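Good morning, and thank you for coming. Please look at the structure as I show it, and follow the elements as I name them.

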Amino acid sequence: MKLIRLHIVDAETCGGLLNGVEVQFRDGNVEMDSFSPLCLIGPNGTGKSQVLQIIAEIFQAVFAKYLPDEEQGTPNNQIQFELEYSIADSSKKGRTVRISRKKVGKKSPDILVDNFIDNEWKSISNKSEIKLLLPSKVIGYTSGDNETLSIPFFVSRAGYANQVRTNATKEDLKSRLILDSRMLLIDYSTNLEVLVANLLLNPENVRQSLLEKSNLKKLRSFRCVIQRKHTAAPSDGVKLTDELECYIDYLKSCATCFNYDEQTWTWTFDFYVQNATNSACEHYWKGGALELYSCFHKLAMLNDLIIPAKDRAAYEKGVELRRFASRLPEPMERQKVFRFERVEFISKKSNKPVDYVSLSDGEHQFAQLLGTLCMASFPNVLFLLDEPESHFNPKWRVDFISNLMDLPTISDKKCKNEGKRSGASAASIQDCLITTHSPFVPSDMDRKNVLIFSKNETGEIKSRPPRIQTFGSKFDAILAECFDISPQISGLPRDQIKELMTTGTKEQIQEAIANLGESNERMRLAGKLALILSEEN
């Protein structure tokens, strides 16, 4: 899958900020088998994160209409749009698709799906055919507290939890399978679900790529707890569907040991990870790491049911009106229906146990982000990554895109280039949008994969390709092009040097030079000092 063009006709959820905005992601020549992420860069307030949100809301609305069994959330029926993309068919050839919803006269707008065939757009209404023209997954990733991108995914999650609550309490629905949503959000609350699933069910080369930055050798042990009846739970406890009951049986079969508390309906599963643990998980979760993650995540989504009914009702009302002042409150750790505890690794340096909480935010984020891509190594996935490198140190930021491109895929035996995402593989037939404020990301990308967002004096949002070649460009050149920043030092020393250049005495300039680090501005100040000394002589 590759995005081509987005036209936002009307989107009140963004306060009208992006109304009328058109974004040209690619030209007509789309290489389906080349993994080529797109970078959206620009100052704060220029609509980058909102573009990701709108794309997620567009696909959520399409899923809700054409694949209602795979989307339980309430879609945004207000947004009007036109989105074009290329998607791989069964023969891995690209088919150009346009999905749109635009109001014509007084008639309520409807979602239309068109396919570009024989140089013209042809409407498609058959749901079976439309299903093949939609992304297999839309995966959002956010590293912080910016809820802009998270909104449609929280809506989807709340819809799933409500469906489980409904089905689990009715005998005629309890055995009905609730299909996985095509909308998947990875944020800080899901980091252990992602990491444990990857380290249990991915090949050794993938596991090592996720742990090497943290100098860890392997996953040593962990505990997961499922509790369904306590003071914060519904009075009759949290009921489960047959599918979720089945997951408990799987965990019992794979755990090193387990315990059940009848009073609180609490299962405690302890895992001491060995080869037998991996083999047992492979037997029960044949779909691999993503299927195991889905199991963990479905159980974790039941945590929404612990939230007081009043808070849930207020949130659902906000969903209906598309007013998102806040997200659902997070239950206290000890009150959650599902949680992880006592996660330990083996250190590569000391060969001793290391607790997960001792890792830095950057190490958590690195393993989670790359683990997310490892889980989804199949075609037609759309990744929406909102400032993914924000917690990384400068060295990791410099290497971020390289790590992304060299990441092993789970189907490495079937792929060229040792299964790297940069080679021809099933995982390369995907798309990835990355927002950033960092020059490190576009410096690793060709200019055709970079879009600069800006806002003029009247508040109009624009996007354009860089005027310079960003690939291999110096960071100062990218900052100047994307943010109109020419000084290469911070504001305080810059202002001091500016004043000294016009009014500074010889003594003041000498003292300043002695206390300034190396920079072009310091060299100019030194030139000013040399001029003063020459005039004195």
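Let us begin with strand 15, residues 381-386, which is mostly covered, with 6 of its 6 residues buried. Please bear in mind throughout that this is a predicted model. In a regular strand, the side chains point alternately to the two faces of the sheet. Which residues of strand 15 lie on each side? On one side are V381, F383 and L385, and on the other are L382, L384 and D386; all of them are buried, and thus both faces of the strand are covered.

Strand 15 also has partners. With strand 8, residues 137-142, strand 15 pairs in the parallel sense over 6 bridges. One position to find on the screen is K137, whose bridge partner in strand 15 is V381. Strand 16, residues 431-436, likewise runs parallel to strand 15, and 5 bridges join the two. Here L384 stands opposite L433 of strand 16.

I turn now to another sheet. In what order do the strands of the open sheet follow one another? The order is 11-12-10-13-14, 5 strands with antiparallel pairing. Strand 11 (257-261) and strand 14 (353-355) each have a single partner strand, so they stand at the edges and one side of each is left without a neighbour in the sheet. On average, neighbouring strands of this sheet are turned by 20° against each other, direction ignored.

Within this sheet, strand 10, residues 216-227, runs antiparallel to strand 13, residues 338-347, and 8 bridges join them. Among the paired positions, L219 has F345 in strand 13 as its bridge partner. A helix packs on the sheet as well: helix 6, residues 242-254, touches strand 10, strand 11 and strand 12 (266-272). The direction of helix 6 makes about 40° with that of strand 12.

Finally, a pair of helices. Two packed helices are described by the angle between their axes and by the distance between those axes. For helix 14 (residues 491-503) and helix 15 (residues 506-515), the angle is about 150° and the axes are 10 Å apart. Because angles over 145 degrees count as roughly antiparallel, helix 14 is roughly antiparallel to helix 15. The crossing of helix 14 past helix 15 is left-handed. Which residues meet there? From helix 14 come Q496, L500 and T503, and from helix 15 come Q508, I509 and A512. Sorted by class, this contact has 3 nonpolar residues, 3 polar residues and no charged ones.

Note on methods:
Residues are numbered from 1 along each chain as its sequence is written. This is a predicted model: local features need pLDDT of at least 70, side-chain atom pairs count only at pLDDT 80 or more; totals for chains, interfaces and linings use all residues. Side-chain values use heavy atoms; hydrogens and water are left out. Two strands pair if DSSP finds at least two bridges between them. Helices (H or I, at least four residues) and strands (E, at least two) are DSSP runs, numbered from the N terminus. Axes are lines fitted to C-alpha atoms, for helices over the stretch in contact, and angles run from 0 to 180 degrees between N-to-C directions. Contact means heavy atoms within 4.5 Å. Angles under 35 degrees count as roughly parallel, over 145 as roughly antiparallel, 65 to 115 as roughly perpendicular and the rest as oblique. A crossing is left-handed if the near helix is turned anticlockwise from the far one by less than a right angle, and right-handed if clockwise. Ala, Val, Leu, Ile, Met, Phe, Trp, Tyr, Cys and Pro count as nonpolar, Asp, Glu, Lys and Arg as charged, and the others, Gly among them, as polar. Buried means under 20% relative accessible area, exposed over 50%, partly exposed in between (1.4 Å probe, protein chains only).
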